[in-house]
Amino acid sequence: MQILTQNSLAAPSTLGINAFVVLILLGVHLLLDLFSWEISLEMSAYVLCLVLVLGTFFLPQRKILTFGNRLGGKLGTWLLTGLVFNLFIGAVFSALQFLYLIKGQTFPNDLWFGHFRFSGEREIFVLFLGFILGTSVLKGLIKDLRLVVFGSELASSFGIDLRKLERKAIFVVLVCQVSVTCMFGVFAFTGLLFPHLLRSFAFFRSSVKNELFIGAPLCGLAFSFLDYVSYSYPYSGAEIPTGLMSSLVGSLLLLVLLVREYGRKSS
C-alpha cells in the first residue's frame, strides 16, 4: 500500500481495511446468534469477505476506486477517514461486548487483539492459501512496482497501466488481510510497523523484491515467535495479546510519522 500510494502512512489499518473485516465478522456473529446457526464464525466471515473481494475485483474497471486515477492528492483525507472508521468500529465492538457481557452470552472477545494460540489445520490452511495466492500475484507485479517506487509519472512513461496494477495489488492486500483477520483476529499496525523496520536495513531498503518476498515472511515468523513467547510466558496468569503489543508500538510509530510528515510540510 505504501508503494502504491507513495505515502509512508498507508497501511491496511490506517486505511480502514482491518476495521471493515471486523465489521463483517461482527455482522456474521450477530446473524449466527440471531438464527442460532451452528456454523463456524471464522469460516462464514471468511467466505463472505472473499465473495465481496472477488465481486469488487471483477467489477468493470471504471467502477473501481483506485489511488492513481481517483484519489489523487486526497490520500490524506482517506487516511483520516480510515482512522476514524477504525475508532468507530472499535466503539461498536466495545458496545456489543458490553451488551453480551451483561446478558451472560458468549462474545468473540479475542477478535480485537489477534493471537495464534487457537490455530489449527483449518486456520493454517487458510493462511497458507492466502500467502500462496498473494505471492503468486505479486511475482507478476514486481517489475512494475519497482518503477512505481520512483513515482507514478515515471511508471506511466514506461507504459505501465497504473489502474490495472493497483487493482491487482489491492486484491492481494485484501485477500491476505481477510485471511489473517478472519482466522486470527486483528494485528493492528503490522502493515505500518514492519515495513519501516525493514527499511532500516539497506538489504531491504534497496530492493522492493527483497522487502516483499524475503522481508515480509521474516517479519511474519518474528511476529509468530513473539506470539509464542507471549503464550508461553503469561503475566500473572494472563497472556498478553500480540495484537495489543503491535497496536501500542504501531500507534506510537504512527504518531512519529505524523509529526515528521507535518514538519516536512511546514518546512
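The legends below accompany an overall view and several close-up views of a predicted model.

**Figure 1. Overall view of the protein chain, an assembly of 12 helices with zero strands.** From the N terminus on, the elements run α-α-α-α-α-α-α-α-α-α-α-α. The radius of gyration is 19 Å, close to the 18 Å given by the globule rule for 267 residues, so the protein chain is as compact as a globular protein of that length. Taken along the principal axes, the C-alpha atoms fill a box of roughly 60 × 45 × 40 Å. Of the contacts with a separation of 6 or more, 74% join residues 24 or more positions apart.

**Figure 2. Surface of the protein chain.** The accessible surface comes to about 15,200 Å². Carbon and sulfur atoms account for 68% of that surface. Buried residues make up 41% of the 267 residues in the protein chain.

**Figure 3. Close-up of the largest pocket, which holds about 1,600 Å³ of space.** Its lining consists of 46 residues. Nearest the centre of the pocket lie Phe131, Cys176, Val180, Ala216 and Pro217. By class, the lining residues divide into 31 nonpolar, 13 polar and two charged.

**Figure 4. Helices that contribute to the lining of the largest pocket.** At least two lining residues come from each of α1 (2-5), α6 (121-148), α8 (162-184), α9 (190-198) and α11 (208-232). Helix α11 supplies the largest share of the lining, 10 residues.

**Figure 5. Close-up of Leu50 in helix α3, which spans residues 41-57.** Leu50 has a relative accessibility of 22% and therefore counts as partly exposed. Leu34 is 16 residues from Leu50 along the chain. The C-alpha atoms of Leu50 and Leu34 are separated by 23 Å.

**Figure 6. Close-up of Pro241 in the loop between α11 and α12 (242-266).** With a relative accessible area of 23%, Pro241 is partly exposed. Leaving aside residues up to four places away in sequence, Pro241 touches Phe113 and Gly114. Leu198 is 43 residues from Pro241 in sequence, and the C-alpha atoms of Pro241 and Leu198 are 23 Å apart in space.

Methods:
Residues are numbered from 1 along each chain as its sequence is written. This is a predicted model: local features need pLDDT of at least 70, side-chain atom pairs count only at pLDDT 80 or more; totals for chains, interfaces and linings use all residues. Side-chain values use heavy atoms; hydrogens and water are left out. On a 1 Å grid over the protein atoms alone, a cavity is a set of points where a 1.4 Å probe fits but cannot get out, and a pocket is an open set with protein on both sides within 12 Å along at least five of seven lines; lining residues have an atom within 4 Å of a point. Grid points are joined across faces, edges and corners, and a volume is the space filled by probe spheres set on the points. Helices (H or I, at least four residues) and strands (E, at least two) are DSSP runs, numbered from the N terminus. Ala, Val, Leu, Ile, Met, Phe, Trp, Tyr, Cys and Pro count as nonpolar, Asp, Glu, Lys and Arg as charged, and the others, Gly among them, as polar. The radius of gyration is taken over C-alpha atoms; the globule rule is 2.2 Å times the number of residues to the power 0.38. Buried means under 20% relative accessible area, exposed over 50%, partly exposed in between (1.4 Å probe, protein chains only). Contact means heavy atoms within 4.5 Å. Accessible areas come from the Shrake-Rupley method with a 1.4 Å probe; for residues, only the protein chains shown count as cover.
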